[in-house]
Amino acid sequence: MTSPSTTKTNKPVVALIAAAGMGTRLGAEVPKAYVELQGRTLLERSVAAMAHSGVVKRAVVTVSPVMEDTARALLADAPLPITFVHGGGERADSVWAGLQAIDEEDAVVLIHDAARALTPPAMIARVAQTVLDGAPAVIPVLPVSDTIKIVDAERVVSTPERSSLRAVQTPQGFDLATLRGANEKYFSGQQEFIATDDASLMEWFGVPVATVPGDQLALKITTPMDLTLATAILKENS
C-alpha cells in the first residue's frame, strides 16, 4: 500500500501563469508580459523558471485573446507543455478560467505572475514542496523593511508592528481541489469580500495559509524603475 507521504509527493505540479493583464504602469507599447528583458520576454523567463524548478510538469498560461498568437509563437519551443486560456476582466477571473483548464483531479497548482520573471527556480520548488508535504496553501514572503502606516482620508490611523508584517510574492502554491472549492464559492454569488490574491481567497474560505521564505529576486516588474533594476541584476549575474 502506498504511504500517505508518498501519495502527496506523487501529485503532479501545474503552474498557472497570469499573463493576460495590460500592465499600463510600465508604459510599454505591448502588455507587460511581452516586454523584453535582456532579449527575452517576461513571459518566456517565467515559463523557463518553472521548468528549471524541476517540479513543474506543465503550465497553463492565461492570455488576452489579442495576444494569444504572440504568446503561442513565443512559447512554441517552451521547455514545458503549455495550455493557453483566455483571461477575464479581473485577475481572479483569469485564475478561475485557468483552474478550469487543469484536468488533473489531484494536483498542486502554483499561481504565478509573469511579471515576476526573475523568480529563482529554487524558490518555486520550495513553495511546491511545502504543498506536496501537506499544506493546502503556501505563500513566499519577505520581511518588510519600511514602516507601514494605515491611513484614512490622508491621515494616519495607526502604525502596525513591522515585525509581524510580510511582503507576499508568487508563485503561491495550493492544493488544486481546495482552491477550486474556494473559487466555486466565491463566484457562486455576490460577495462583499474582494480577493486581492489567491491566498486571501483561501483565508476567506477558512483555509490556513503557510509561509516559506521568499527571495529578493522575485520582484514584481511593474514600473520602468523595476525594469531598470531587473536589467541591472541580469547584467551583474551574466
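**Reading salt bridges, turns and pockets**

Modeller: Let's start with a group of four: Arg91, Asp113, Arg116 and Asp198 are joined by salt bridges into a network. Keep in mind that this is a predicted model.

Biologist: Thanks! What should I have in mind when I read about a salt bridge?

Modeller: Side chains of opposite charge can pair when their charged atoms come close. Here, the side chains of arginine 91 and aspartate 113 meet in such a bridge, at 2.8 Å from N to O. Arginine 91 belongs to helix 4 and aspartate 113 to strand 6, so this pair ties together parts 22 residues apart in sequence.

Biologist: Are those two residues buried or exposed?

Modeller: Aspartate 113 counts as buried because its relative accessibility is 10%, and buried means under 20%. Arginine 91 has a relative accessible area of 30%, so it is partly exposed.

Biologist: How many salt bridges does the whole structure have?

Modeller: A search finds eight. Arginine 58 is a good one to follow. One partner is aspartate 103, with the closest N and O atoms 3.6 Å apart. That pair links distant parts of the chain, 45 residues apart: arginine 58 sits in strand 4, and aspartate 103 in the loop between helix 4 and strand 6. Arginine 58 also forms a salt bridge with glutamate 104, where the closest N and O atoms are 3.1 Å apart. Glutamate 104 lies in the loop between helix 4 and strand 6, so its pairing with arginine 58 in strand 4 ties together parts 46 residues apart in sequence.

Biologist: Which residues around arginine 58 are buried?

Modeller: Both arginine 58 and glutamate 104 are buried. Aspartate 103, by contrast, counts as exposed because its relative accessibility is 60%, and the cut-off for exposed is over 50%.

Biologist: Now helices, please. How do I think about which way their residues point?

Modeller: An α-helix has 3.6 residues a turn, so residues three or four places apart point the same way. Helix 2, residues 42–52, is mostly covered, with 10 of its 11 residues buried. Among them are Leu42, Val47 and Met50, and also Glu44 and Arg45. Just after helix 2, glycine 54 takes a positive phi of about 80 degrees.

Biologist: Where can I find a positive phi in a residue other than glycine?

Modeller: Try alanine 153, with phi near 55 degrees, and glutamate 154, with phi near 70 degrees. Alanine 153 is in the loop between strand 8 and strand 9, and glutamate 154 is found in that loop too. Alanine 153 counts as exposed because its relative accessibility is 69%. Glutamate 154 is exposed as well, with a relative accessible area of 81%.

Biologist: Which residues does a cis peptide bond join?

Modeller: Threonine 170 and proline 171, with omega about 15 degrees. Proline 171 is in the loop between strand 10 and strand 11.

Biologist: Last topic: pockets. How do I describe one?

Modeller: Give its volume, then its lining. The largest pocket holds about 490 Å³ of space. It is lined by 21 residues, and Ala20, Gly21, Met22, Gly23 and Lys32 are the closest to its centre. By class, the lining has seven nonpolar, eight polar and six charged residues.

Biologist: And what lines the second largest pocket?

Modeller: That pocket has about 350 Å³ of space and 18 lining residues, with Glu90, Ala92, Tyr186, Ile194 and Ala195 nearest its centre. Helix 4, helix 6 and helix 7 each supply at least two residues of the lining, and helix 4 gives the most, with four.

Conventions. Residues are numbered from 1 along each chain as its sequence is written. Side-chain values use heavy atoms; hydrogens and water are left out. Buried means under 20% relative accessible area, exposed over 50%, partly exposed in between (1.4 Å probe, protein chains only). On a 1 Å grid over the protein atoms alone, a cavity is a set of points where a 1.4 Å probe fits but cannot get out, and a pocket is an open set with protein on both sides within 12 Å along at least five of seven lines; lining residues have an atom within 4 Å of a point. Grid points are joined across faces, edges and corners, and a volume is the space filled by probe spheres set on the points. Ala, Val, Leu, Ile, Met, Phe, Trp, Tyr, Cys and Pro count as nonpolar, Asp, Glu, Lys and Arg as charged, and the others, Gly among them, as polar.
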